Every structure is written in C-alpha cells, then in structure tokens.
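Hi everyone, thanks for making time for this. Please have the sequence and the 3D view open, and follow along as I talk.

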Amino acid sequence: MTETITNEVVADAASVESTNKAPEKEAVKEDKYVAYVSSYTNGTGDKFGIRVYDVDIKNGRMTEKSKIKITNSSYVTESKNKKHLYSITDFGVEAYDIGKDGSLSLINEASINGMRGCYLSTDYEDKFLFCAGYHDGKITVLRLNEDGSIGEITEEIYQKGLGSAAGRNHRPHVQCVRMTKDNKFLCACDLGMDRINVYKLNHVTGRLENADVIHCDQESAPRHIKFSENGEFIYVLTEQKNSIDVYHYKVDDHDIPDFERIQSMSTIDDPDAQGIASSALMFSLDYNYLVSSNLGENFVDIYRADKRTGKLKKILGLPISGEYPKDAALFPDNKHLVSLNHESNTMTFFNVNMAQGTIVMNGPEVVVDQPNCIVFHKLED
C-alpha cells in the first residue's frame, strides 16, 4: 500500500514538473509599445510638435525614434481601432496613419472653424471626431471617413452663460469632450461654467441634441472626464476644487441619462492649500488604477479603482521632480510612471511600488519643450 502511494506521488510530481517546464520551451512573447508625446512649438525654436518614442517597459524608459513637424500640438488622441492618431494644431486638426512600427504618416488636415482646440476624442465607432475649445467655449464635431481621414464639420455649438466668479472662469471654457462608453452621449466639461453638458449624438448626421446637465460644485472647474472599463462609472477631475468626483451612470427605459455622484476624492492633503490646480487624469491600461497630477505642489497621485463599486482609494501622492505636470501616465506594466512637466520642459521617470505606496526616480530626465500629453500605443504582432 505504501509503495503504491509513493509511486503515485512520484508520478504526479513528475507530471507537475513536466507541466511546469513546458512553458520554458516556448519563448515568452512580450507586448511592444510606442508612446506619442505632443508639445507646443511656439517660442521654442522647435518645429516638431509630436515625438514618437520606443517604450522599454521592463526598465521603465523611453527612447525617441522619430518626430513629426506640426505646430502647437496641444493634444493627441488615438482612434478606437488603434489605426489612426489625431492631433490639434494651430489651424485645426490633423489625421495620421499609424504604421506597424508605430510610425506616423500624415493623412490630411481640417479646419475647426474657430480658435485652437485643447482636447480631442472619437466616438466608439470612429465615425466622428470631437474637439473642445477652451478659448472660444466651442464644441466642434467632424465626420471621420473609413480611411481615417477627417471630413466635414457636422456640428458647432458655442457654450453660453456667465460663471460665478470674475477672472478666469467668468465665461465658458470647454476643456474636455468624451463619449459615454455605450456611445450614446457626449459629455463636455465646461470649466468656466462649473458644469458638464451632456448631448445625445445622432450617429447619422453627426448633430448633437441637449440631453442633460451635470451641475458640479460652484467654482470647482471640471477639467477632465474618464469612464470605467464597463462605462458604469464616470470620473471627473476638478481643477480648482482639486478633487475627483465619481458618478454612477445609467440610462432609463426612455433613453434618458442619469448621473448620481457617489464619491468626491480630494487630490490634495491640505484643503486650505493655495496655488494648487489639478491637471491630468489617466487610467492605467487595465483600468485598475487612476492617475492624477496637480500643479503647484507638482505631485502625482495614484488611486486604486474598485471595478465593482467604482470608488477610489488613494495609494500614493508624491513629487515628480519637475514643474507643472500637465500629464502623467503609468506604463503598461503598472510598475513605472512618466510625468510630462510642461514648465520645466522635461519628462521624468519613476519606479512605482503599489504595495509600499512609493515612487522612486528612475534615471535622468528627458528634455522635451513644453510637453502636453502622452498616448501609449501597442504595436501589432
């Protein structure tokens, strides 16, 4: 009896060992990425507003591989099918094809019939491009063609009203425009009016119809909006209140949207601190973490996002060794982070330990004139 059991155990152990060794015979395939970084060009002497970087995920670094001549690329966004990149420029918007190696080639350019935009996004079918106008308070919708090129303007809406405080926020400033994940409604953050205007999109005509208004706290200045992976939760970064407000989103039987605020998470430790403004808001690629940054303190914050409840829990908040972190993002492995420091003209890199709640500087800074935003792009096999 003992001998039989022993033989069975040995046989099982051998089987397990064989199973464990099997993967070693196959090369582990690692995903490869490039990163697109947009920047201003006026006053810098640099004509290249977009830079393409090879991403070293293992070591948490980036190496420049090419650059694109474009003026004042204040924001870039990737199409949902990952085939095209769109950028704001002084005269309007530009469309690029993304090559298999991540390289960019210009498709076409189009006017937005207004002042230079500050934010771009597409719907989830890549049929329309949305542009936010900070300076003129305008939302512009442009049709996208099957080849990724930008077509005609289908909608132009100027926000109206008078803000609650004199100075910067006394009039409309559209800072961000994004579709809900169900592709039904466009949410437009009006930083000057302390509200998010919600529009129903006509997917044939590209026109917008008023659907709802999310009234944010007075003088909070909603700046950016992100959606959870399943689209059930909405995260709104407020520039002046320095918070991330979490909303539960649903649509009733009459196709009317409903937004219920379920959490307000402060992005600063001292509520009485002066001269601080929240700036970036970026999900990790797996939607497990949400990254924000603030100006003044020059900190980056990382939150764990509960996918079931939508609520946030702060993991860390630490300095980024630069001035004016306009954007910040975790690498695809969630073990490294890059901060785009607009006023110090640098990108700084960090090793991140979520369990310990620490970030440690990782190598020297990289010089980039007035960087604005970053997009990680996964390369095709």
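I'll go through some aromatic rings, then a few neighbouring strands, and finish with two lysines. One thing to keep in mind: this is a predicted model.

Let's start with the rings. How many aromatic pairs does a search of the whole structure find? The count is five. Now, a pair of aromatic rings is described by two things, the distance of the centres and the angle of the planes. Try that on Tyr235 and Phe283: their ring centres are 5.4 Å apart and their planes meet at 80°, so we call this pair edge-to-face. The cut-off behind that name is an angle over 60 degrees.

Where do these two residues sit? Tyr235 belongs to strand S17, residues 233-238, while Phe283 belongs to strand S20, residues 277-283, so the pair ties together parts that are 48 residues apart in sequence.

Are they buried or exposed? Buried means under 20% relative accessible area. Tyr235 has 1% relative accessibility, so it counts as buried. Phe283, with 12%, counts as buried too. There is also a third member here: ring pairs join Tyr235, Phe283 and Tyr287 into a cluster.

Tyr287 leads us nicely to the next stop. S20 and S21 make a hairpin with five residues between them, and Tyr287 sits in that turn with a positive phi of about 65°. The two strands run antiparallel and are joined by five bridges. If you want a spot to click on, Leu281 stands opposite Ser292 of S21.

Now stay with S21, residues 289-295. Seven of its seven residues are buried, so the strand is largely enclosed by the rest of the structure. In a regular strand, side chains alternate between the two faces of the sheet. For S21, both faces are covered: one side has Tyr289, Val291, Ser293 and Leu295, the other has Leu290, Ser292 and Asn294, and all are buried.

On we go to strand S22, residues 299-305, which pairs with S21 over six bridges in the antiparallel sense. Here Val291 has Ile302 as its bridge partner. These two strands also form a hairpin, with three residues between them, and Gly296 takes a positive phi near 100°.

Last stop, the lysines. Lys67 lies over the face of Phe48, 4.8 Å from the ring centre. Likewise, Lys80 lies over the face of Tyr124, at 4.7 Å from the ring centre.

That's my tour, and I'm happy to go back to any of these spots with you.

Technical notes: Residues are numbered from 1 along each chain as its sequence is written. This is a predicted model: local features need pLDDT of at least 70, side-chain atom pairs count only at pLDDT 80 or more; totals for chains, interfaces and linings use all residues. Side-chain values use heavy atoms; hydrogens and water are left out. Rings of Phe, Tyr and Trp (its six-membered ring) pair if their centres lie within 6.5 Å; planes under 30 degrees apart count as stacked, over 60 as edge-to-face and the rest as tilted. Helices (H or I, at least four residues) and strands (E, at least two) are DSSP runs, numbered from the N terminus. Buried means under 20% relative accessible area, exposed over 50%, partly exposed in between (1.4 Å probe, protein chains only). A charge sits over a ring if NZ of Lys or CZ of Arg is within 6 Å of the ring centre and within 35 degrees of the ring normal. Two strands pair if DSSP finds at least two bridges between them.
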